[in-house]
Amino acid sequence: SDAPGTHTKTPFTRVRRHRDAPGMAWTNFVITAAGLLAVASLMRSDVRTSSAMLRRNLKQIRTWVEDGTKDVAKDAAKATQKTLGESEVGKAMKDFKDGQFKK
């Protein structure tokens with residue numbers, strides 16, 4: 001009833017596949033593999049730049065923290081000298097220290 005190469009669609013009729021289907025499968029595979037390799041390469045370079053930027057940021061933050069702790073220690077030393085030196089207890093402690101060092 002059907003001539004070779006013609007297809008009629010009925011619910012139970014099998015559709016014939018083209019002869020070059022294996023060639024198309026290889027083409028699809030190669031294209032997919034190339035796409036995945038391109039994505040992996042881009043992600044790899046992105047991870048490298050992100051990690052380098054993170055290292056630079058951490059180095060800068062560490063520098064800021066170290067500078068901040070030095071400044072805080074200096075400010076605390078100055079503040080204790082001022083507050084203790086002005087009070088009676090501070091004057092007594094200073095006199096006691098001076099007396100100890102003179103001996």
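## Overall architecture

Helices, taken as DSSP runs of at least four residues, and strands, taken as runs of at least two, are numbered from the N terminus. On that basis the protein has two helices and zero strands. The model described here is predicted.

Of the 103 residues in the protein, buried residues make up 1%. The protein exposes about 10,100 Å², and carbon and sulfur atoms supply 63% of that area.

## The aromatic pair

A pair of aromatic rings is described by the distance of the centres and the angle of the planes. A search of the whole structure finds one such pair. Its members are Trp26 and Phe29, which meet edge-to-face, with 5.9 Å from centre to centre and 90 degrees between the planes.

Both Trp26 and Phe29 belong to helix H1, which covers residues 21-86. Three residues separate them in the helix, about one turn. Trp26 has a relative accessible area of 58% and is therefore exposed, since the term applies to values over 50%.

## The nonpolar surface patch

Further along the chain, a nonpolar patch on the surface is formed by Leu54, Leu58, Ile61, Trp64 and Val65. Together these residues have about 520 Å² of accessible area.

Trp64, one of the members of this patch, is located in helix H1. With a relative accessible area of 57%, Trp64 is classed as exposed.

## The negative surface patch

Glu66, Asp67, Asp71 and Asp75 make up a negative patch on the surface. Among them, Asp71 is found in helix H1.

Asp71 has a relative accessible area of 43%, so this residue is partly exposed; that class lies between the limit of 20% for buried residues and that of 50% for exposed ones.

Note on methods
Residues are numbered from 1 along each chain as its sequence is written. This is a predicted model: local features need pLDDT of at least 70, side-chain atom pairs count only at pLDDT 80 or more; totals for chains, interfaces and linings use all residues. Side-chain values use heavy atoms; hydrogens and water are left out. Rings of Phe, Tyr and Trp (its six-membered ring) pair if their centres lie within 6.5 Å; planes under 30 degrees apart count as stacked, over 60 as edge-to-face and the rest as tilted. Buried means under 20% relative accessible area, exposed over 50%, partly exposed in between (1.4 Å probe, protein chains only). Patches are made of residues with over 30% relative accessible area and no salt bridge: like charges are joined within 9 Å, nonpolar side chains (Val, Leu, Ile, Met, Phe, Trp, Tyr) within 5 Å. Accessible areas come from the Shrake-Rupley method with a 1.4 Å probe; for residues, only the protein chains shown count as cover. A salt bridge is a side-chain nitrogen of Lys or Arg within 4 Å of a carboxyl oxygen of Asp or Glu. Lys and Arg count as positive and Asp and Glu as negative; His and the chain ends are not counted. The place of a charge is taken as NZ of Lys, CZ of Arg, CG of Asp or CD of Glu.
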